[in-house]
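Biologist: Could you take me through this model, beginning with burial and then moving on to overall form, the nonpolar cores and the secondary structure?

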Amino acid sequence: MVTRRRFVITLGGAVVAVATQAARGQQGAETPGATMEGDGYIPVRRPPRAGAAKRLTPLERDAVERMLSCPCPCTLDVFTCRTSMPCGFSPRLHADVVKLVDGGYSADEILAAFEQAYGEKILMAPHKQGFNWVGWLAPFAAVGGGAFAAGALIRRWGRRAAERRMAASPVPIEASDDEMARLEAAIRSDDP
Amino acid sequence: MILLGELSLWVALLMAIWSATVSFAGGRMSRADLAASGERAMYASFAFVVLSSIGLWTALITSDFSLRFVASYTSANLPTVYKFSAFWGGQAGSMLFWCLILSLYSALTLFANRKRNRELMPYVTGTLATILIFFLGTTAFSANPYARLDWIPPDGTGLNPQLQNPGMAFHPPNLYLGYVATSIPFAFAIAALVTRRLDAEWLAAVRRWSLVSWLFLTIGITMGMWWAYVELGWGGYWAWDPVENASLLPWLTGTAFLHSIMIQEKRGMLRKWNVTLVVATFLLSILGTFITRSGVIESVHSFAQSPVGTYFASFLIVAIIVTAFLVATRLRDLEARAELESMVSREAAFLYNNVVLVGIAFSVLWGTLFPIISEAVRGSKITVGPPFFNTVNIPLGLLLLALTGIGPLIAWRRASVRNLKRQFAVPVAGGLFLGAALFALGMRDGYALVSYTLAGFVFTTIGQEFVKGVNARRRMHEEPVPVALVRLVARNRRRYGGYIVHFGVVVLFAAFAGLAFKKEYDLSLTPGASFSAVDPYNRTWTFTSQGVSRYDELNRQVTAVVLEAKRAGMAPTLIKSEKRQHVDSRGQPTFEPSTEVGILESLRQDVYLVLHGVSGDDRETAEIRITFNPLVWWVWYGGIIMALGGLIVMWPQATRGGARRRAEGGYVVVMQSSERQAADVPEPPVEAGV
Amino acid sequence: MIALVVGAVLAVAALIYVLLPLFDAVTPLRARLTGTPAAAPESAIDALREIEFDRATGKLSDDDYAALKATYTRSALVELRSRRGDSVAESTAPEQAVTPSTADAPFVAGSVDPAEAAILRYRAIRRSCDVCGPRPEPDPAFCSSCGKYLKGACATCGAVIDAPASRFCANCGSTLAA
């Protein structure tokens, strides 16, 4: 049982902790956000390979665009954005991708080039490495942990119920035939 | 009318403030007069919100461009239907729309409970009024649809062309109806927590409204998918974007609640968990509304940016603190009252179902929040998009599908392994048969094979449930098959309605898995040129361009391409895709050009035609994409089946006759004993007992 | 201008409507229970019906069925009898409600487990108000909601005690608990 006082104290502690964290975060957060100022479009150009031949079909090119996020606020990938609700960015990124494809670059190379220009943010999903594993695995960990907790809970309930059954002497109630007949009728009655 | 509407908004706000104050005071001081005044204020508030909404609709229909909202979201040449639906097309209007639904629901709840749950109602009224104050206040102070422009523009900006679609006229209202309906269970939960009356009495009202919310969310989400598919032109229906995720979250927790509430009703267990789910569903709806309504959101960062965001963030934090306080101080009242009889039982299966549903909700929320966490920890920005959500949620979704089939096969209360083998034999065989058959037919996609195997399993489970149920009824009541089937469902709507919902889920999963086999072709066709393509069923299609046409319509310039589609065994059919450039009433272009896709639909697959553009010197060469989308139509059918199942579950069951008949037999259901009144129950005929 | 007037009139009308209850006498909030109770926790009879059905559809093995049937039949019988226990306290015709069924099937405290006996004892002494329904307090003399005197029942013969502050049962003469 949590008393009112304990709740307030815990809450107060949490608020102080969050506030100090936020204050600390505020100081550092000023400088790196500058890249989003102005347009935010960064051209990704590479000289065409010698004897360049297209390595990607249009469909494979679209698959690459599906791995790139549009820098506009639409939260969609470049392909979906340019084919559904085109903004000022996705057509330009599409043009860059087309040039790279024409220049003979492979899908991985194109993605790497974009990541170099924009940072990891341009990829629709983070690399599976380092801290990102936390992101990839947390849902499974949560479901696994939840399933484990549910299992433990069920086992505890089952044990408690078994104990109770042992404790309560299972003396049957004597019931008259008439009582049983009426009980039976009530159970068989079709109307719920 | 517009001035009246604006005034009404403020009067409604004042009424809501009065209602909240007086209701809480009435509950606290246990004074019926205060509570009655609070309820009347709620009715009055509803009336004034209606008046205010009529005012805004009048302004929209009559194109009164002196209002910023009307000028921003409509234009003089917009079809009247879309002028009407522009109400929820922009932020300010949809906030008012939220208020309209909330006050309507509140009035309905108060009316339905005017003779019931009297101890709870003051707090229910107070909680609902508080939520209404928040929304009316935000509307009035920060997103006022009646805000005026300094000058009257000759024409408005117009509605985004992609919102000019019947799907968009109905999809948002359904979602809002669903979101807002979660407030009622939340209000009852708060009232039950405050009064410590945490027994079963509040659950009935809560269950009904949770179903309402679930139903509207299901319809709303399905319509949203349909809209994205037919209107957006990228060939899919779900992009895991934050707005879609936001609508999925309360649906997931609401579904979890509808399952776990059964355990509380039957066993008195999971009381804390159920309160938590009710609260979580409400908070997630608020979060969903916020994400949807903060306009085009970049990420959760926009919390701090728009003034509405600040309001919402504060409201969420206050709501979380208040409910956390109430739950924490009432843990003892929420202790379970009974115990499980067996570790193998449907109760246990439901617990796992809850884990998976909430797990999926968590993964969706986690994917949305992880960029912030990552930035805080590593300092570098990342994006979490469909690749993440698919990787994480496909396995979890399949797990859920499996549980959909497993749960119904286990009896409530207890089951034994030997008996379970008998129950599982046919469904497992059914699933494996389907999987093997598809493999033999050449299907090699791993996830799709698992999906169809599980779908076969669940489908057989449902079929077996119906067959065995009908047979049992025929034996027990000697009814012919049709009567037995109808009565089976009618007498136990919750169970068999639920199975119908499950069937809808199976159809949905089968349709989702079909996407693994879609085929796309990019091509340019000059008039008269043909192109042959093979569809996923290995049939050859021939598409012949009939040329590009250009013409003007009411508010747009249209460039259209028409293809003739031919396939052996099918009459030639025409498909048309358009590129639309919308114009305002003076012929000036507005918005980016949009695409109108052409769909040749059938049960097996859609032929999906998108005109990307025209090229060539004479602008007669059509740059198009043809996609074969297998089984897409089944997504909408699945949604419809789920909604129908939900309706069956919701349909009120006439219990009075049954209770009376039982009473005539000398037995009476013992209701929550403190709630039963002598007058209600016919006295058991005593002679019968002699 | 017209809008302002209409708005003002409507607002005043609403204000009157809202404030009117405050001019009523100050009444305590009480349970007006005229509708059906909102939700019943599952009755043992419903559980038994479901158990029968689950057995008929083959979901319950015979062993499980027997065990569940025994447990829930007991609960259902207890439910039935406690219902009668209630009716003793609530009935206006005491001579009818007395013991034929208990004479028939002796309902001796020793034959059930102590917890259930305690529940039954509690139900027997629980009072109910004619207007507001059963009271939650153990052994109240007056309704905690409307203040009405609560009729009681004699612990010995079950007759209704309807005179306030009775010390003896009018039917059998035995002494009543305070």
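Biologist: What share of the 690 residues of chain B counts as buried?

Modeller: This is a predicted model, in which local features need pLDDT of at least 70, side-chain atom pairs count only at pLDDT 80 or more, and totals for chains, interfaces and linings use all residues. Residues are numbered from 1 along each chain as its sequence is written, chains are lettered from A and ligands numbered from 1 in the order in which they are written, and side-chain values use heavy atoms, with hydrogens and water left out. Buried means under 20% relative accessible area, with a 1.4 Å probe and protein chains only. By that criterion, the buried part of the 690 residues of chain B is 61%.

Biologist: What radius of gyration does chain B have, against that of a compact globule?

Modeller: The radius is taken over C-alpha atoms, and the globule rule is 2.2 Å times the number of residues to the power 0.38. The C-alpha atoms of chain B fill a box of roughly 100 × 70 × 55 Å along the principal axes. Because a compact globule of 690 residues would have a radius near 26 Å, the value for chain B agrees with the rule, at 28 Å.

Biologist: Which helix gives the largest nonpolar core its largest share?

Modeller: A nonpolar core is a set of buried Ala, Val, Leu, Ile, Met, Phe, Trp, Tyr and Cys residues joined through side-chain atoms within 4.5 Å. The largest one has 187 residues, and among those with the most contacts inside it are B:Trp98, B:Phe135 and B:Leu136. Its largest share, 14 residues, is supplied by residues 201-232 of chain B, that is, by helix α9.

Biologist: Which residues does B:Leu136 touch, leaving aside those up to four places away in sequence?

Modeller: A contact here means heavy atoms within 4.5 Å. With residues up to four places away in sequence left out, the partners of B:Leu136 are B:Leu9, B:Ala12, B:Leu13, B:Ala16, B:Ser45, B:Val49 and B:Cys99.

Biologist: How many residues are in the second, separate core?

Modeller: Members of this core include A:Tyr41, A:Val64, A:Val97 and A:Tyr105. Its size comes to 31 residues.

Biologist: In what order do the elements of chain C run from the N terminus on?

Modeller: Helices (H or I, at least four residues) and strands (E, at least two) are DSSP runs, numbered from the N terminus. Chain C, of whose 178 residues 44% are buried, has six helices and four strands. Read from the N terminus on, the order is α-α-α-α-α-α-β-β-β-β.

Methods
Buried < 20%, exposed > 50% of the residue type's maximum accessible area, 1.4 Å probe, protein only.
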